[in-house]
Amino acid sequence: MAGQQQTSSRGDTSLEQTLEKTEAVAADVQRASDNLAVVNTVLEQGLPEEVQVGDVAQAIEHTSQLEEKLAKSAETLAEVNAALSEEIEKRLEATAERDESQAQAEELKARIRAGAAD
């Protein structure tokens, strides 16, 4: 049984590490989205309308689209992180319940052995 507890603990640790990694990625994606929004704003406001044609207009539109995609990705990652966090909590609760049940079973076995010895 001890091997099962170690495997469970490793699994929880692995999930926690995965959550930490996805949180870091989510933060990076959010920063990239924010930075791209600033770049896009500077391009739109800093360039006169008559210059915002052709390739420049396409570049401005492209940065706007990329910013939207990054923002959606950051939102999706936040949802994934929330689900991972919830799963970690559920597993911790299940492990605690299992450990309590095992302790109760061991206590009952000890009482039965003590009663049979009498």
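This report describes the fold, a buried position, the salt bridges and a charged surface patch of a predicted model.

## Overall architecture

The protein contains two helices and zero strands. Helix H1 covers residues 2-46, and helix H2 covers residues 54-117. Among the contacts in the protein with a separation of 6 or more, 83% are made by residues 24 or more positions apart.

Of the 118 residues of the protein, 17% count as buried. The accessible surface comes to about 8700 Å², and carbon and sulfur atoms account for 54% of that surface.

## Asn40 and Glu44 in helix H1

Asn40 is found in helix H1, and its relative accessibility of 5% places it among the buried residues, because buried means under 20% relative accessible area. When residues up to four places away in sequence are left aside, Asn40 touches Ile60, Thr63, Ser64 and Glu67. These partners of Asn40 fall within the range of residues 54-117 that forms helix H2, so the contacts of Asn40 link helix H1 to helix H2, contact being defined as heavy atoms within 4.5 Å.

Glu44 also has its place in helix H1, but with 39% relative accessibility it counts as partly exposed. Beyond residues up to four places away in sequence, Glu44 touches Gln52 and Ile60, and Ile60 is also on the list of residues that Asn40 touches. Glu44 and Glu61 stand 17 residues apart in sequence, while their C-alpha atoms are 9.5 Å apart in space.

## Salt bridges along helix H2

A search of the whole structure finds six salt bridges, and those described here include three pairs in helix H2. In one of them, Glu86 is joined to Lys90, with the closest N and O atoms 3.5 Å apart. Because these two residues are four residues apart in helix H2, they are separated by about one helical turn. Both ends of this pair are partly exposed, Glu86 at 46% relative accessibility and Lys90 with a relative accessible area of 47%.

Further along the sequence, the side chains of Glu106 and Lys109 meet in a salt bridge with an N to O distance of 3.7 Å; these two residues lie three residues apart in helix H2, about one turn of the helix. Glu106, with a relative accessible area of 45%, is partly exposed, and Lys109 likewise counts as partly exposed at 40% relative accessibility. The side chains of Glu107 and Arg111 also form a salt bridge, at 2.7 Å from N to O, and the two residues are four residues apart in helix H2, again about one turn of the helix. Here the classes of the two partners are not alike: Glu107 counts as partly exposed at 44% relative accessibility, whereas Arg111 counts as exposed at 54%, because exposed means over 50% relative accessible area.

## A negative surface patch

Glu89, Glu93, Glu97 and Glu100 form a negative surface patch. Glu93, one of these residues, lies in helix H2 and is partly exposed, with a relative accessible area of 43%. That value for Glu93 is therefore consistent with membership of the patch, since patches are made of residues with over 30% relative accessible area and no salt bridge.

How values were computed: Residues numbered from 1 in each chain as written. Predicted model: local features only at pLDDT ≥ 70, side-chain atom pairs only at ≥ 80, totals over all residues. Heavy atoms only, no water. Buried < 20%, exposed > 50% of the residue type's maximum accessible area, 1.4 Å probe, protein only. Areas by Shrake-Rupley, 256 points an atom, 1.4 Å probe, with all protein chains shown as cover. Patch = residues over 30% accessible without salt bridge, like charges linked within 9 Å, V, L, I, M, F, W, Y side chains within 5 Å. Salt bridge = Lys/Arg side-chain N within 4 Å of Asp/Glu carboxyl O. Lys, Arg positive; Asp, Glu negative; His and termini not counted. Charge placed at Lys NZ, Arg CZ, Asp CG, Glu CD.
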